[in-house]
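Student: Can we go through the aromatic rings on this one? I'd like to see how each label is earned.

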Amino acid sequence: QLGRKTEELALRTIAEVGDASCVAPLLRLYEAVPSAREKVAGLLYHISGKLAFAAYWFSQEWRAGDERLGALEAEQLAAWADNPFQSLALRLFAVRAAAHLETKAMVPVLVRLIGDRSEWPDLSVQAADTLSALRLARPLSPAIVRLLRLEQLWVPAVVAANWSADDDEGRAALESEMTNPRAEVRAAAFWIAAGVRDPALQPALEAGLGDGLVEVRMAAAWGLGELGQRSAVSVLEKHLSDPDDRVQTFVRGALAKLGVPVPAVALGS
């Protein structure tokens with residue numbers, strides 16, 4: 001038994017430097033010492049969060065850590081993730097860890113979490129990310145697109161990574177969010193539309209040039225430049241005098257990508 005101060009120091013150290021190698025012993029501690037479960041769940045959540053961000057930034061740390069996650073069982077993770085009375089930290093850990101077990105055992109739970117609006121938004125978003133890692137997200141693309149209403153950090157990356165030009169339902173869902181009255185949702189949807197370079201989204205991007213939100217107009221202009229369709233030139237040229245100079249810059253950049261010479265802007269104009 002550790003003294004209180006020693007225990008606190010140990011927990012802080014694990015939180016600071018812990019990686020996948022800490023998961024198995026922490027799980028054993030979770031089972032053996034019920035009074036420590038809240039703290040252990042928090043540590044597991046923290047470690048899985050660090051590793052998830054590392055994977056997001058194209059690190060190999062999670063891949064190396066996979067070999068040290070042998071103590072995890074899909075059935076146990078599913079039970080934790082599916083239990084609304086379990087701590088949110090442990091449930092999030094379970095959902096994140098499932099992405100690295102290469103098993104479909106948790107898919108029904110993950111699908112439920114995405115569509116259940118009574119669940120924590122963080123769980124829904126993480127479930128989408130895990131399904132993406134398991135290469136099973138595409139059939140749920142409309143539901144995942146709608147998660148933009150809950151969170152705009154992870155969801156755009158998940159949607160873009162699973163975009164398919166022949167997914168008419170996913171495109172319709174995104175176009176719907178491109179007219180969402182909430183500014184942050186609409187902007188996120190437009191940046192996705194701009195980034196996936198889907199020619200079928202050109203009309204929606206062109207409409208975005210007239211949006212009242214500056215960020216939407218910027219995204220729309222950038223996306224039209226990325227598409228490379230000369231048919232967008234006339235629409236872009238109408239917005240060269242946009243009231244916001246940032247939008248003007250994006251419009252000029254898009255026209256340049258389309259091979260249209262645009263006179264330089266005079267300093268101070």
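Tutor: Here is a short run through the ring pairs and their labels. This is a predicted model, where local features need pLDDT of at least 70, side-chain atom pairs count only at pLDDT 80 or more, and totals for chains, interfaces and linings use all residues. Residues are numbered from 1 along each chain as its sequence is written, and side-chain values use heavy atoms, with hydrogens and water left out.

Student: How many aromatic pairs are there by the rule?

Tutor: Three. Rings of Phe, Tyr and Trp (its six-membered ring) pair if their centres lie within 6.5 Å; planes under 30 degrees apart are stacked, over 60 edge-to-face, and the rest tilted.

Student: Why is the pair of Y30 and W80 called edge-to-face?

Tutor: The centres are 5.6 Å apart and the planes stand at 75°, so Y30 and W80 are edge-to-face. Y30 is in helix α2 and W80 in helix α5, 50 residues apart.

Student: What makes W191 and F250 an edge-to-face pair?

Tutor: Their centres lie 6.4 Å apart and their planes meet at 65°, so that label fits. Ring pairs also link W191, W222 and F250 into a cluster.

Student: Why is W191 called partly exposed?

Tutor: Buried means under 20% relative accessible area, exposed over 50%, and partly exposed in between (1.4 Å probe, protein chains only). W191 has 30%, so it is partly exposed. F250, at 26%, is partly exposed as well, whereas Y30 and W80 are both buried.

Methods
Helices (H or I, at least four residues) and strands (E, at least two) are DSSP runs, numbered from the N terminus.
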